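Student: I am new to this structure and would like a close look at one part of it. Could you choose a place to start and then work through its surroundings step by step?

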Amino acid sequence: MRTVSDRNKPLNSSDKVAVCSRSFSLNSTLRTELLSRYEKVSFNDARMQLRGDALVEFLRGHDKAIIALENIDESVLSRLPELKVVSKYGVGLDMIDMAAMRARGVRLGWTGGVNRRSVSELVIAFAIAMLRHVPAAHREVISGTWRQHVGRHLSGQTVGVIGCGHIGKDLVPLLCVFGCTILVNDIRDFPDFYAAHDVESCDLEDLLARSDIVTLHVPLDDSTRGMLDAHRLAMLKPTAVLINTARGELVDEAALKQLLQDKRLAAAAFDVFADDAGLAPAP
């Protein structure tokens, strides 16, 4: 199996394309560009969560698919013999069964880091919101209570970045603007990048113990699943904030909940969960 690029291969404008991704479907720029290349495109305008039979039904009759977090496995591919290309929009390939793709000759299209700035800015927003108690203050105002919350600045905090790939490298310069001390843990070494941004590379346990804010930016695989288990979560400072915009399965959510309930961790901000099947999109 190989990654394909529409810039290097002739387009077949008669191909039928299905866009499963809700965010892609809502993006007017992406819609316009795709429609300039293909005549027959089905967008997920109903903002459906596409799984199992619903996913197969949406993709049926299409030659190409653009997915986000949809699960493309053997059970799906076996029912879509006409599907020739699956293009991943976003981060991570853990939702795609690569062996099944290869066995059926379905090609993969993916460019890493296309949404890195969106994720980086969300991390900054989460960090400031948690440090300044924005969600708590919002809930109180809605319920009729008004009181002043004493928070902390993001400026000058020690931030631990777990994973220094496309998103990690985009996030670090933003944190530098706030004068943060930045710790990084990654299985690869990027000495030139670290030196250019005054970043300290350290082991995971050291990062967890020293950081005021910890943010996750690693892919989900057998080596990272459950990497922040109860033992490692307990290494965090009671005043620390944990941010996860990567994959929910990276963190032991039950252990995290207990830490928060026991006030042994200040806050956590997630936009991913180990099981998000019951979380419906806003209308």
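Tutor: We can start at Gly165, which counts as partly exposed at 31% relative accessibility (buried means under 20% relative accessible area, exposed over 50%, and partly exposed in between, with a 1.4 Å probe and protein chains only). Please keep in mind that this is a predicted model, in which local features need pLDDT of at least 70 and side-chain atom pairs count only at pLDDT 80 or more, while totals for chains, interfaces and linings use all residues. Residues are numbered from 1 along each chain as its sequence is written, and side-chain values use heavy atoms, leaving out hydrogens and water.

Gly165 sits in the loop between β6 and α8 (helices, H or I of at least four residues, and strands, E of at least two, are DSSP runs numbered from the N terminus). Although Gly165 and Asp186 are 21 residues apart in sequence, their C-alpha atoms are 8.4 Å apart in space.

From this loop we can follow α8 to its partner α6, for the axes of the two helices come within 9 Å and cross at roughly 50°, the axes being lines fitted to C-alpha atoms over the stretch in contact, with angles from 0 to 180 degrees between N-to-C directions. That makes α6 oblique to α8, oblique being what remains once angles under 35 degrees count as roughly parallel, over 145 as roughly antiparallel and 65 to 115 as roughly perpendicular. On the α6 side the contact (heavy atoms within 4.5 Å) includes Val119, Val123 and Ile124, and on the α8 side it includes Ile167, Leu171, Leu174 and Leu175.

Leu175 also leads us inward, since Leu175, Ile182, Ile213 and Ile243 are the residues with the most contacts inside the largest nonpolar core, which has 29 residues (a nonpolar core is a set of buried Ala, Val, Leu, Ile, Met, Phe, Trp, Tyr and Cys residues joined through side-chain atoms within 4.5 Å). The elements that each supply at least two residues of this core include α6 (116-131), β6 (158-162), α8 (166-177) and β7 (181-185), and α6 gives the most, with eight residues. Ile213, leaving aside its neighbours within four places in sequence, is in contact with a group that includes Ala127, Leu131, Val159, Val241 and Ile243. Apart from this core lies another, of 24 residues, among them Val214, Leu216, Met227 and Leu236.
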